[in-house]
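Trainee: Please show me the structure, and then let us go through it by question and answer.

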Amino acid sequence: MVLVKNPSPARGENAKKDSKKRSRASRGNSPADQATSRGNSSGKSNNSGVKVVTKSSLQQSRGSETGSIERLVDGDKRVIATKHLLPENNINVVVRVRPLSRKEIKAGDDMAVQFPGDGQIYCEGFPSSVEKKGKLFSYNVVFEPTATQEDILQFSGVKKLIEMAVEGFSCTAFCYGQTGSGKTHTLTGPPEMFERMNPYSEQHGLVFRSFVYLFKLLQERQECNFVLKASFLEIYNEKVIDLLNPGTSRKPLMVRWSKKIRGFFVENLFTVECEELDDLLAVLEEGMRNRKVGSHNMNDHSSRSHSILTVSITSEQQMDNSVFISKQGKINFVDLAGSEMTKKTQSEGKTLEEANNINKSLMVLGIIIKKLQPQSTMQINH
Ligand SMILES: Nc1ncnc2c1ncn2[C@@H]1O[C@H](COP(=O)(O)OP(=O)(O)OP(=O)(O)O)[C@@H](O)[C@H]1O
Ligand SMILES: [Mg+2]
């Protein structure tokens, strides 16, 4: 997962006489209140069966920048993540290694990576292949298989991105990796959970948890008026589809260049104003139901499209001299479809066509990222 902070905030100073205060409190039955007690394997069970995180169950035995984050699992202290100090360049790269699946365990597969600590991963070499020697890679944070969904929110740096988006910065959390590696699980939770949404499920991913955190922040900032707008799109077979308004024919939308914003935009993309947490959660739920998912040999619920969920946050604050400061930030959550070796996934027909488009677009994206990479970071292995 890659976390990107845009260094130049899009903000403006507006002088206005009056402004209408809007209440941003979430509904009484919203999951916000319960959210802090969700998603941890080390918690105690309360009467309702919801696990509760106790402060003492999380311990950070680290210096200020590097070291390991530990948790008590069944009474044992276990490392859930390690951190490494890399050069500050507005991009944080975070890795999550998922546990072996049942299928992999049954097939006798073994973990191909080791965790030497300090945000590093060691990939073993294969005597029979070109990569004979093992390799060491460094990241900002490495999450080990014991990490829970809540750990990802707490220690990946996403909370900081949300705080910056509220402050008027443009931020992106971007998931990439091979098919079946756990991108969608980490970002949204398993797709089948959206068929019948349980707001208190431990499986909820980073997006759900970030929304809860965002509304908590907004409620603490009573001096500001906030307007939130959300959109959700997918790129399926190189075509942009609106996940909030796909229509029966899933007619693709056009991507155009705007001189005014000096950037690309999707024409006629549906945006939903979200006054309450439940509105944002409804956007996530609706989009996930409409997203293209397929099955192949390496993943029963494989994303067949790249998706972008965007929440734009406009804030307005009255200063002492009747001047209003307005800020416009946003947070993008990008879930890419994973790269596929079609020999291994055994994709055929429609699934094969999708796989070819996925691989082609990921290759182009890789080239672009490489071109944008500053020379100074080229020697760091990611
Ligand atoms: N941390 C985890 N703990 C338990 N199960 C996981 C974890 N991460 C992923 N899984 C499971 O592994 C399978 C593959 O995960 P997922 O669908 O998120 O992969 P993906 O990277 O999005 O793949 P694709 O690129 O094909 O969409 C799913 O069944 C998912 O529930
Ligand atoms: Mg996926």
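What follows covers the surroundings of a ligand and one pair of helices.

Mentor: This is a predicted model, in which local features need pLDDT of at least 70 and side-chain atom pairs count only at pLDDT 80 or more, while totals for chains, interfaces and linings use all residues. Residues are numbered from 1 along each chain as its sequence is written, with chains lettered from A and ligands numbered from 1 in the order in which they are written.

Trainee: Which element gives the most to the shell around ligand 1?

Mentor: Helices (H or I, at least four residues) and strands (E, at least two) are DSSP runs, numbered from the N terminus. α4 (183–187) and β20 (299–303) each supply at least two residues of this shell. With four residues, the most is given by β20.

Trainee: Why does ligand 1 lie between two domains, and which are they?

Mentor: The domain bounds come from an automatic or database domain assignment. Residues of both domains belong to the shell around ligand 1, so it lies between domain 1 (2–39 + 149–377) and domain 2 (51–147).

Trainee: How are α5 and α6 directed relative to each other?

Mentor: Axes are lines fitted to C-alpha atoms, for helices over the stretch in contact, and angles run from 0 to 180 degrees between N-to-C directions. Helix α5 (residues 206–220) and helix α6 (residues 277–290) pack at about 160 degrees, their axes 10 Å apart. Angles under 35 degrees count as roughly parallel, over 145 as roughly antiparallel, 65 to 115 as roughly perpendicular and the rest as oblique. The two helices, α5 and α6, are therefore roughly antiparallel.
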